[in-house]
Each structure stands twice: as structure tokens, then as C-alpha cells.
Number of protein chains: 2
Amino acid sequence: MPNNGSLTANLRKSRPSDVRAALLDAATQLIEAQTDDKVSLRACARLAGVSHAAPAHYFPTRAALISAVLAHAFDKLTEAMIAARDAAGDDPFDRLKGTGRAYVAFGLAHPALYTMMFRPTYLQVPDGEMAEAGGRCGAVLGEAVAATPRPGGLTVAAGMAMAWTTVHGFVGLVSNGLVLLDEDPMTTAERILEQQRTAFSG
Amino acid sequence: MPNNGSLTANLRKSRPSDVRAALLDAATQLIEAQTDDKVSLRACARLAGVSHAAPAHYFPTRAALISAVLAHAFDKLTEAMIAARDAAGDDPFDRLKGTGRAYVAFGLAHPALYTMMFRPTYLQVPDGEMAEAGGRCGAVLGEAVAATPRPGGLTVAAGMAMAWTTVHGFVGLVSNGLVLLDEDPMTTAERILEQQRTAFSG
DNA sequence: CCCCTTTGCTTGACAGTGTCAAGCTGATAA
DNA sequence: TTATCAGCTTGACACTGTCAAGCAAAGGGG
């Protein structure tokens with residue numbers, strides 16, 4: 001699998017002051033640029049301006065580096081969801097919808113990162129740091145669902161599955177270009193979320 | 001990345017009669033067993049009982065082999081959706097729901113295959129055979145949506161995004177273990193699909 | 001001041017990968 | 001019988017993740 005050699009424009013010349021941060025930054029860049037897991041440890045090292053084995057000093061394995069990147073991404077997503085929810089007013093469904101809107105916006109803005117965040121089986125061993133960050137993220141959604149009435153007889157678990165299903169599926173389809181929309185994706189997302197008002201209102 | 005060496009029990013001893021079919025079969029086995037793209041050309045070749053470069057004679061590149069496997073999987077999924085739709089009676093929403101149920105069942109039965117099928121960006125170049133098979137599959141869903149009334153003012157495109165979003169998101173969340181369900185996943189899927197009846201009935 | 005340990009990174013190696021370039025083998029055609 | 005040729009193998013290349021060893025500099029104790 002020969003390397004195409006793009007994205008090597010901004011190679012660092014001298015060793016960076018914070019190697020760990022430089023590696024995380026390089027990995028994020030590579031993930032967002034390359035769409036899939038072709039992001040190699042050696043490419044990260046080159047981009048960060050260190051030797052090919054330097055990453056081993058900070059991350060025991062490739063999966064650990066990726067996990068660290070994903071954990072940070074989860075925290076960003078959690079922040080965005082909380083901010084949108086708190087800006088959405090008092091109505092429980094509006095707050096759930098705001099949370100979902102932020103989720104979709106994040107997913108569409110960072111498709112490659114998003115894909116990896118929500119396919120944990122791909123990092124063979126579950127990573128503690130990442131699992132915690134993911135848990136905090138899920139909790140925000142769970143709280144928003146729990147705060148709504150669910151007259152359809154849905155349990156909180158099923159309601160959460162339903163709400164999450166909606167946003168997760170939409171991001172996956174749109175960011176992979178599987179569905180052709182005739183309007184701004186966020187507008188369609190808004191419509192789809194609004195369709196759930198009846199299921200989440202008293 | 002050293003190989004763990006499992007799944008080598010059923011190595012073929014002599015060269016198979018139909019090498020191409022043997023390779024497709026080996027690739028399918030490896031994908032379903034390994035959950036991610038660690039399925040290597042060389043591992044397929046070993047499993048099929050041929051040399052490491054034999055695949056090149058049938059598939060110009062690794063992506064082409066994977067594409068062929070996924071195209072076949074798409075055809076299987078399409079078949080299952082059509083069968084379930086035709087067994088669901090006359091009501092348009094029931095037929096849509098049957099289609100969705102078959103979709104979810106397939107996704108939960110073949111999680112790794114499913115993941116790859118619906119993440120086409122991961123195979124850098126779009127493959128014709130696979131795109132056609134995927135198109136036929138999407139068409140079945142599209143027809144089912146088009147046959148329903150959509151009083152909410154949804155266009156067919158938005159309705160299709162909504163219906164597909166539901167099943168795609170559910171499969172992604174459940175098969176990755178991201179959501180904890182207190183019942184059989186297909187039962188929850190049934191509930192979630194049923195919630196959409198109001199949006200797809202006259 | 002010198003030595004000694006530790007930290008942080010580098011160099012080198014190994015087995016694995018995808019892909020390309022040859023070479024071999026057996027069947028079919030002339 | 002010989003020529004051709006498809007179908008597969010062997011060998012090589014650059015790349016990968018990971019491990020082992022080594023080097024350079026900083027810091028501390030005598």
C-alpha cells in the first residue's frame with residue numbers, strides 16, 4: 001500500500017515542544033483528511049516531526065492514540081450538545097431537539113471522526129478514557145429523553161434508542177452520500193426531528 | 001501488526017476448482033469474523049488455498065475484491081426486503097414496515113458486512129458493480145416510501161431519508177453495542193418502526 | 001566537579017501488508 | 001510436435017505496527 005504522499009506540506013522541521021499534543025493534532029488532521037483508518041502511526045510521527053517510534057512513548061499502541069483523539073472529540077460533542085440544549089428554552093422536546101441538532105451538526109462537520117467514534121468494535125480493546133467520554137456524551141442525550149413525556153408507552157431505554165437512532169442514522173446516511181437531499185441537510189434534519197414531537201410530547 | 005493466526009483451521013490443502021468463488025467465500029468469512037478491515041488479501045489467499053498474488057488475477061485491487069463481496073451482500077439484502085414487503089399485505093405502511101424489518105434483521109445478522117456496505121467512502125474509488133447493487137437495494141426502499149401518503153408535507157426524498165435513517169441508525173447503534181436494550185432488539189425495532197405510522201399514513 | 005540514573009527520543013530490526021514484475025506449468029491450438 | 005497462452009507462483013518493493021537497543025541531555029548525590 002504505497003503512500004500517495006499528500007498532506008506532507010506542513011511537516012515540522014524541528015522537534016515540537018509538546019510531542020504528545022503534536023501527535024494528537026497530527027492524528028486528528030490525518031483522520032479528518034483521509035476519511036478512513038489509513039492514518040498510520042508513522043504518518044502521524046512524520047507530520048508531528050518526530051521519529052517513527054516516538055508515538056510508542058506516549059501511546060502504547062496505535063489504538064491508544066486513536067482512542068485519545070476520539071475521547072477528545074467526544075468531549076467536544078458533549079459540550080456542543082449541552083450548549084444547544086441550554087439555548088433551546090424550557091420545553092422538554094425543544095431541549096431534546098436542540099441536543100439532536102447539535103449532534104447532527106457535529107457529525108456532518110466531522111464525518112470521519114464521527115464514524116470512528118461510533119464504531120468502537122473497530123478498536124479491538126475498549127479504551128477507558130474513550131468509554132468515559134462516550135458515556136458522558138450519551139448521558140446528555142439520556143437526560144434529555146428522560147425529561148420528556150413519552151405517551152406512546154416507550155420506556156426511557158426505547159425512547160433513547162429511538163431518538164439516538166434518528167440522529168445517528170441521519171448523519172451516517174448523509175455524510176456517506178447515500179441519500180440525495182434537495183435542500184440543506186440541516187433543514188431536512190430539522191424536519192425529521194420535528195416529526196418526533198408527537199412521540200415525545202404529553 | 002502480527003497475525004493472531006486464528007481461523008486458519010479450515011485452510012484448503014489443494015487448489016480449489018473455482019478460485020474466484022473460493023476467494024469471495026474466504027473474504028466473506030474473514031469480514032464476518034474480524035469485524036473490521038483487517039481482512040487482508042493474503043489472508044484470503046491463504047484461506048482459499050492459493051498463493052498470495054493469486055487474487056490479483058481476479059480482482060485488480062483489494063478494494064475490488066471487497067466490493068464484489070459487498071455487491072453480493074447487497075443483492076441478498078434486496079431479496080430479503082422484497083420478500084418481506086410482499087408478505088406484509090396491502091397497506092402501504094405495513095409494506096414499508098416489512099421492508100424496514102427485513103433491513104434491520106439483515107443488519108443485525110451481518111454487522112461487519114453491513115458496516116462496510118454502507119460506508120462506501122472507505123473504498124476510495126466507487127465500484128460500478130457495487131453501486132448498481134446498492135442502487136437496486138435503495139430503489140426497493142424508495143418505492144415503498146413513494147407508495148405511502150405523507151401528510152406531514154414530506155417530499156419523497158425527505159420521507160426516504162426519514163425511513164432509512166430510522167433503520168440505518170438502529171442497526172448501527174445496536175450492532176455496535178452502543179445502546180442497551182431490555183428486550184429483543186427486533187421487538188424494539190418493531191416499536192420504533194410503528195412510531196412512524198402517523199407520519200406515513202393518510 | 002564527576003558519575004550515575006532516568007527521561008525522551010532515535011535507530012534498527014522483524015513480521016506483516018498491497019501491488020508489481022517476472023517466471024513456471026499445463027492445456028489447448030496449429 | 002511445437003507454439004501460445006491463461007492461470008497461478010515466486011520474488012521483490014515500499015509501506016505498516018511493534019519491539020529492543022542505544023544515545024543524548026538533564027538532574028541529583030557524593
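1. In this predicted model, a phosphate oxygen of DNA strand D is 3.1 Å from an N or O atom in the side chain of A:S40. Two further contacts involve phosphate oxygens of this strand. One is with A:T61, where a side-chain N or O atom is 2.4 Å from a phosphate oxygen. The other is with B:S51, where the corresponding separation is 2.5 Å.

2. The wider surroundings of DNA strand D are made up of 20 residues. The closest are A:L41, A:R42 and A:T61 from chain A, with B:S51 and B:Y58 from chain B. On the DNA side, sugar and phosphate make up 53% of the strand D atoms that come within 4 Å of the protein.

3. Which helix gives the largest share of the surface near DNA strand D? It is α2(A), with three residues. Both α2 (41-48) of chain A and α3 (55-58) of chain B supply at least two residues of that surface. Sorted by class, the residues near DNA strand D are eight nonpolar, seven polar and five charged.

4. DNA strand C is surrounded by 19 residues. Here the closest are A:S51, A:H57 and A:Y58 of chain A, along with B:L41 and B:T61 of chain B. Of the strand C atoms within 4 Å of the protein, 54% belong to sugar or phosphate, and the rest belong to bases.

5. Side chains from both chains make polar contacts with DNA strand C. For B:S40, a polar side-chain atom lies 3.1 Å from a phosphate oxygen of the strand. For B:T61, the distance to a phosphate oxygen is 2.4 Å. A:H52 contacts a base instead: a polar atom of its side chain lies 2.9 Å from a base oxygen of DNA strand C.

6. Helix α2 (residues 41-48) of chain B provides the largest share of the surface near DNA strand C, namely three residues. The surface near this strand has eight nonpolar, six polar and five charged residues.

7. Turning to helix packing, helix α5 (residues 92-109) of chain B packs with helix α9 (residues 185-194) of chain B at an angle of about 150 degrees. Their axes are 10 Å apart, and the crossing of α5(B) past α9(B) is right-handed. On the α5(B) side, the contact is made by B:F93, B:K97, B:G100, B:R101, B:V104, B:A105 and B:L108. On the α9(B) side, B:P185, B:M186, B:A189, B:E190, B:L193 and B:E194 take part. Taken by class, the residues of this contact are eight nonpolar, one polar and four charged.

8. How many salt bridges does a search of the whole structure find? Over all chains, the search finds 22. One such pair is A:D94 with A:R197, whose closest N and O atoms are 3.0 Å apart. A:D94 lies in helix α4 (residues 92-109) of chain A, whereas A:R197 is in the segment after α8 (185-194) of chain A, so the pair ties together parts that are 103 residues apart in sequence. As a general point, side chains of opposite charge can pair when their charged atoms come close.

Methods:
Residues numbered from 1 in each chain as written. Chains lettered and ligands numbered in written order. Predicted model: local features only at pLDDT ≥ 70, side-chain atom pairs only at ≥ 80, totals over all residues. Heavy atoms only, no water. Near = heavy atom within 4 Å. Polar contact = N/O pair within 3.5 Å; in protein donor to acceptor, adjacent residues only side chain to side chain. Helix = DSSP H or I, 4+ residues; strand = E, 2+ residues; numbered from the N terminus. Nonpolar A, V, L, I, M, F, W, Y, C, P; charged D, E, K, R; others polar. Axes fitted to C-alpha atoms, helices over the stretch in contact; angles between N-to-C directions. Left-handed = near helix turned anticlockwise from the far one by under 90°. Contact = heavy atoms within 4.5 Å. Salt bridge = Lys/Arg side-chain N within 4 Å of Asp/Glu carboxyl O.
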